[in-house]
Amino acid sequence: MTDFDTADLDTADLDRRFMALALALGRRGLGTTWPNPAVGAVAVRRDRGAPVIVGRGWTQPGGRPHAETEALRRAGAAARGATLYVTLEPCAYHGRTPPCTEAILAAGVARVVTAISDPHAVAAGGHAVLRAHGVAVDIGVGAEQARRDHLGHVLRVREHRPRVFLKLAVSADGKAGLAGRRPAAITGAAARARVHMMRAMNDAVVTGIGTVRADDPRLTCRLPGMASRSPVRVVLDARLELPEASALATGAGEAPVWVMTATAAPEAAERRLAARGVEVLRTAASDGRLDLAAVLGVLADRGITRLMVEAGPRVAAAFVAAGLVDAAALFVAPAVIGAGGIDALEGMGLDVLTASDELRATGAETAGADTILTFARP
């Protein structure tokens, strides 16, 4: 059965409705499918003229099985003659599993509707294969939302970096901490729960060594039943000073901990951290600071497509200054910290986000007493 009334809808309307469902299904996998994109798929066939959903699928954890094969498996024989809605072009190459185009052809699907083409040189080509075998292919339905959902995959392919999402928590007067760089509990429980969900929807979360020293964070997803959705925890630590007694170093078994450090950082420190289960990754640095573009390149090489920045004012401002922020969430609490408090972005006003030519406002909502403002590249 369909999930909505399809009476009096033409084909274009139905395509938009079913693609919206496929996109929603795909988002279930955000944060779990890297290095593969989180794709959604819906198989629909006509039953006495009425459209009926016969299979749904989304990319499974670790990137396999793909959404298309999941939807077709659930559809079984009902897939023959059906329309398959997919949020990204079906793959046409042999990897760890056969290409999705083979599964689509074997199932007897008559029409495939995709939101966007795959920019990956190896994975692309599925549309041409399907058309060559007589399958009708339509491209572009739901494209705007699909580009947002698959931005991490697209950026990893085209720019050798993940999508960067910046989260900031600020007081009503734009402060992120107390005088003397002391941390402050700014937002309430409802907002913190939203942050945990955001972590679950990203492949990795990055912070700086200064935040580790000040807050000793775990950076896991601690919502009930979602511990397995915790992202990779990444620390920017040019001198390799991560304390062995920190929550990250002692809790490396909860979720992977990667420390990004300079090429010349001490090897003895690396060995001590490795004994705790922490992985050390070396990259370029200058004047004691890591090259953020190089950091993102290393993470892209590791398969990371979606990165959440949950750091102090210095690291957050560095990502903004480098033009590397693709989306942001500003959690604004009603409390005022006052003079002497730490600005949320060191050396910058919040207008670099709220009145930026690079980012546009995409939403506003409340979480308890706090307000969440979201921004993204157009």
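Leu299, in this predicted model, has contacts beyond its neighbours within four places in sequence: Val234, Trp258, Met260, Ile304 and Leu307. Leu299 also belongs to the largest nonpolar core, a set of 38 residues. Within that core, Leu299 is one of the residues that touch the most other members, together with Leu166, Leu236, Met260 and Phe319. Several elements give two or more residues to this core: strand 6, strand 8 (204-208), strand 9 (232-236), strand 10 (257-262), strand 14 and strand 15 on the one hand, and helix 11 (292-301) and helix 12 (313-321) on the other. Apart from this core lies another, of 37 residues, and Ile53, Ala67, Val86 and Val135 are among its members. In soluble globular proteins, nonpolar side chains tend to be buried together.

Attention now turns to an open sheet. Five strands form it, in the order 2-1-3-4-5, with mixed pairing. Its edges are strand 2 (50-58) and strand 5 (136-139), each of which pairs on one side only. From one strand to the next, the twist averages 20°. Inside the sheet, strand 1 (residues 40-47) runs antiparallel to strand 3 (residues 83-88), and 4 bridges link the pair. One residue of this pairing is Val42, whose bridge partner in strand 3 is Tyr85. Helix 2 (residues 67-75) packs on the sheet and touches strand 1, strand 2 and strand 3. The direction of helix 2 makes about 130° with that of strand 2.

Helix 7 (residues 189-200) offers a further case. Its 12 residues, at 1.5 Å a residue, should span 16 Å, and the end C-alpha atoms are 17 Å apart, so expectation and model agree. The buried residues of the helix are Ala191, Val195, His196, Met198, Arg199 and Ala200. The elements that cover them include strand 6 (163-170), strand 14 (306-309), strand 15 (327-332), strand 17 (360-367) and strand 18 (370-376).

Among these buried residues, Arg199 merits a closer look. Arg199 has a relative accessible area of 7% and therefore counts as buried, the cut-off being under 20%. Its side chain makes a polar contact of 2.7 Å with the side chain of Glu310. Apart from neighbours within four places in sequence, Arg199 is in contact with Leu219, Thr220, Arg222, Arg229, Pro231, Met308 and Glu310.

Definitions and conventions. Residues numbered from 1 in each chain as written. Predicted model: local features only at pLDDT ≥ 70, side-chain atom pairs only at ≥ 80, totals over all residues. Heavy atoms only, no water. Buried < 20%, exposed > 50% of the residue type's maximum accessible area, 1.4 Å probe, protein only. Polar contact = N/O pair within 3.5 Å; in protein donor to acceptor, adjacent residues only side chain to side chain. Contact = heavy atoms within 4.5 Å. Expected span 1.5 Å × (residues − 1). Pairing = 2+ DSSP bridges. Axes fitted to C-alpha atoms, helices over the stretch in contact; angles between N-to-C directions. Core = buried A, V, L, I, M, F, W, Y, C linked by side-chain atoms within 4.5 Å.
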